[in-house]
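Trainee: Could you walk me through reading a few features of a structure, one at a time?
Mentor: Gladly. Let's put it on screen and start with a single side chain.

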Amino acid sequence: MGQTEVRTRFAPSPTGYMHVGNLRTALYTYLIAKAQGGKFILRIEDTDQERYVEGAVEIIYKTLRETGLLWDEGPDIGGPVGPYIQSERRGTYARYAKELIEKGGAYYCFCGKDRLDELRKIHEASGVPHKYDGHCRNLPPEEVNRLLAEGVPYVVRQKIPEGSTTFQDVIFGDITVENDTLDDNILIKTDGLPTYNFANVIDDHLMGITHVVRGIEYLSSAPKYNLLYQAFGWDIPTYIHCPPVMRDANHKLSKRNGDPTYDDLITDGYLKEAVLNYVALLGWSPGGEQEIFSLTELVNAFSIDGISKSPAIFDIAKLKWINSAYIRAMSLEQFHDLALPYIKQAVKQDVDTRLIAEVLQPRCEKLTDIPEKLDFIDELPVYDNALYVSKKMKTNPANALETLRDALPVLEALEDWSRESLHAALFGLVEKKGVKNGVVLWPVRVAVSGKQFTPGGAVELCTLLGKEESLRRIQKGIALLSAQA
């Protein structure tokens, strides 16, 4: 496997759902590989068995497949450097931990829970940052061998050297950390499983990963990773640490605080293509005016230097705008198929669902908005005559009553109740009365819908409702306005 090939990996922990930040990491990781003709690898990091959630791996597969982020190597399809599930690589980590100890980059630690708890209490009481005190760091080899032979439980800890560590991040540049601020972290736990940090480095090296994309919260861990790479004598990958996705200036997105996951957004009526498009723009700028991108277009446009240093604010209004752009760009057939379950949820009677879809499409932001836009079709809601007042359309209850009385015989006389005939009849009335369009169309629309906002105008609504129901509702409007006059 030539190191000239770009190889990236998305390595989620199976903890239950795909949040927006996770999806963005997966997307950027995919785009970096594909933009340079490289490989995108999926690895499941399940060494923290306490956080493992049943069915979570399937959610990861489903989300990546739905959004088109298809992996070249992974647990289900295999590849040259498997297995791609960390819990199946247990023997590998033990072997490399032993090698690291022999190279002087790690050591066995036999400290029990009581001693470590006591150490933490002392540090807390003294007000100093807690870290391991190196008690087992320089145990004589014969002492180590004796404790191992006796079966005393142990962990393997990283031996942080003196001095400082400088590393480079593509977004944040060179960062230097004093090594005495770093802890001798545990690499192998007492159960023999590796910690996240150690497994990550071993797997990234063995899988030939060239670029590592992760959240900024891992920036402080990068020096520890680099010291491990250096201790083994391995090449260090290119780091891309992305700033967080925030709900507002002070709060990160969090499922616990009710912020949406990918599945929540899909359930809420957003299209998967729109969600992916929006997530791409959360902290990355394409550098031009274009904001609507297919996945192929993202691959062609993406570059790492477009990633921002600043946190990205999750803006639901922007997502709605992008979603509505995707809806408008669909063929009527495509939109009708997507909208049909939502139309049927709202309308129980037999109606022209294709006409409803046609009326809805230019005005629909997300699919779940559809039922409330159509709730007037089955039954005219109770409404207030104040709806007939529109300063913009220059209507009020008095001229609305006059309009409905004029419109009723015109519409009753129509034998062909088609959109074209209705349009001709209502606009003929506008001309005859010598008024603006709204003076006729607004009252008719209110009378047949009982709503301030509708998916279409008077012509479309009358077409949908049919002649008998439209006339009945106009007569009811006349009665309501007459009662108030």
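Trainee: Which residues does Q86 touch, not counting residues up to four places away in sequence?
Mentor: Keep in mind that this is a predicted model. Q86 touches R43, I44, E45, D46 and T47, together with Y93, A199, N200 and D203. As for its place in the fold, Q86 is found in the loop between α2 (56-67) and α3 (90-102).

Trainee: Is Q86 buried or exposed?
Mentor: The label depends on relative accessible area, and buried means under 20%. Q86 has a value of 0%, so it counts as buried.

Trainee: Which side chains make polar contacts with Q86?
Mentor: Look for pairs of N or O atoms within 3.5 Å. The side chain of Q86 has a polar contact of 3.3 Å with that of E45, and another of 3.0 Å with that of D203.

Trainee: D203 is in α6. How do the axes of α3 and α6 cross?
Mentor: For a helix pair, read the approach of the axes and then the angle. The axes of α3 and α6 (residues 196-206) come within 11 Å and cross at roughly 100 degrees. Angles of 65 to 115 degrees count as roughly perpendicular, so that is how α3 lies relative to α6. On the α3 side, the contact is made by T92, Y93, Y96, A97 and L100; α6 brings F198, A199, I202, D203 and L206.

Trainee: What is the chemical character of the residues in that contact of α3 with α6?
Mentor: Sort them by class: eight are nonpolar, one is polar and one is charged.

Trainee: How should I read a single helix, say α15?
Mentor: Begin with length against span. Helix α15 (residues 397-412) has 16 residues and reaches 22 Å from its first C-alpha to its last, close to the 22 Å expected at 1.5 Å a residue. Next, check the start: N396 caps the N-terminal end, with a side-chain oxygen 3.0 Å from the backbone nitrogen of A398.

Trainee: Which residues of α15 are buried, and what covers them?
Mentor: The buried ones are N399, A400, L401, T403, L404, A407, L408 and L411. Their cover includes α16 (419-433), α17 (437-449) and α19 (467-484).

Trainee: S470 is found in helix α19. Is S470 buried or exposed, and what does it touch?
Mentor: S470 is buried, because its relative accessible area is 0%. Leaving out residues up to four places away in sequence, S470 touches W417, V448, C462 and L465.

How values were computed: Residues numbered from 1 in each chain as written. Predicted model: local features only at pLDDT ≥ 70, side-chain atom pairs only at ≥ 80, totals over all residues. Heavy atoms only, no water. Helix = DSSP H or I, 4+ residues; strand = E, 2+ residues; numbered from the N terminus. Buried < 20%, exposed > 50% of the residue type's maximum accessible area, 1.4 Å probe, protein only. Contact = heavy atoms within 4.5 Å. Polar contact = N/O pair within 3.5 Å; in protein donor to acceptor, adjacent residues only side chain to side chain. Axes fitted to C-alpha atoms, helices over the stretch in contact; angles between N-to-C directions. Parallel < 35°, antiparallel > 145°, perpendicular 65-115°, else oblique. Nonpolar A, V, L, I, M, F, W, Y, C, P; charged D, E, K, R; others polar. Expected span 1.5 Å × (residues − 1).
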